[in-house]
Amino acid sequence: MAKEACELCMHPGGEVIYRDDNYRIVLVDDERYPGFCRVIWNAHVAEMTDLPSAERAILIAAIWQVEEAVRETMHPHKINVASLGNVVPHLHWHIIPRYEDDAHFPNPIWGEVKRTPISADLAKRRALVPRLREALLDRFEESLL
């Protein structure tokens, strides 16, 4: 896919919380999955192995820091960390807080819907997103990555 046609080259991919020369961290606006983040490599590459090992280490360290912030703030039952790129072949990772009562659990969020989440539970999770924003900023503004 040419860079000119790449969704993640043309658009941020969510609300940008942090950006440096290598990657950006975004919050995804998904009403069913508050706290869903992406770590997106800025340059257009499709696979982790397109990066030199030093850059791979930088990216994977950022992914784990985002996972830690999501776990500490959102208190999910599980975290899904995925890099698919089947639809948008631009290197990016999804960090998704999962709950046993979410719409798809135990399926991936792209799978078959299993239930309608309780509105009050979703509202409580959405209320944590501002704290997640702060936690991510605190981590990455002080980071050496």
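## Exercises on the strands, helix H2 and the nonpolar cores

His92, His94, Ile96 and Arg98 point one way from strand S5, Trp93, Ile95 and Pro97 point the other way, and all of them are buried, where buried means under 20% relative accessible area, with a 1.4 Å probe and protein chains only. The model is predicted, so that local features need pLDDT of at least 70 and side-chain atom pairs count only at pLDDT 80 or more, while totals for chains, interfaces and linings use all residues. Residues are numbered from 1 along each chain as its sequence is written, and side-chain values use heavy atoms, with hydrogens and water left out.

**Exercise 1.** Determine which strands pair with S5 and in which sense.

*Solution.* Strands are DSSP runs of E with at least two residues, helices are runs of H or I with at least four, and both are numbered from the N terminus; two strands pair if DSSP finds at least two bridges between them. Strand S3 (residues 37-41) pairs with S5 in the antiparallel sense over four bridges, and within this pairing Val39 has Trp93 as its bridge partner. Strand S4 (residues 78-82) is also antiparallel to S5, over five bridges, with Lys78 standing opposite Arg98.

**Exercise 2.** Follow the pairing of S2 to S1 and to S3.

*Solution.* S1 and S2 form a hairpin with three residues between them, and they pair in the antiparallel sense over four bridges, in which Glu15 has Leu27 as its partner. S2 is joined to S3 by five bridges, again antiparallel, and here Tyr23 is partnered by Trp41. In S2, Tyr23, Ile25 and Leu27 lie on one side and Arg24 and Val26 on the other, and all are buried.

**Exercise 3.** Identify the elements that build the largest nonpolar core.

*Solution.* A nonpolar core is a set of buried Ala, Val, Leu, Ile, Met, Phe, Trp, Tyr and Cys residues joined through side-chain atoms within 4.5 Å. The largest one has 29 residues, and those with the most contacts inside it are Tyr23, Val39, Leu59, Val66 and Leu136. Strands S1, S2, S3 and S5 and helices H2 and H3 each supply at least two residues of this core, and the largest share, seven residues, comes from H2. Leaving aside neighbours within four places in sequence, Leu136 is in contact (heavy atoms within 4.5 Å) with Ile17, Ile25, Cys37, Val66 and Ala69. A second, separate core of six residues includes Tyr33, Phe36, Ile96 and Ile109.

How values were computed: Buried means under 20% relative accessible area, exposed over 50%, partly exposed in between (1.4 Å probe, protein chains only).
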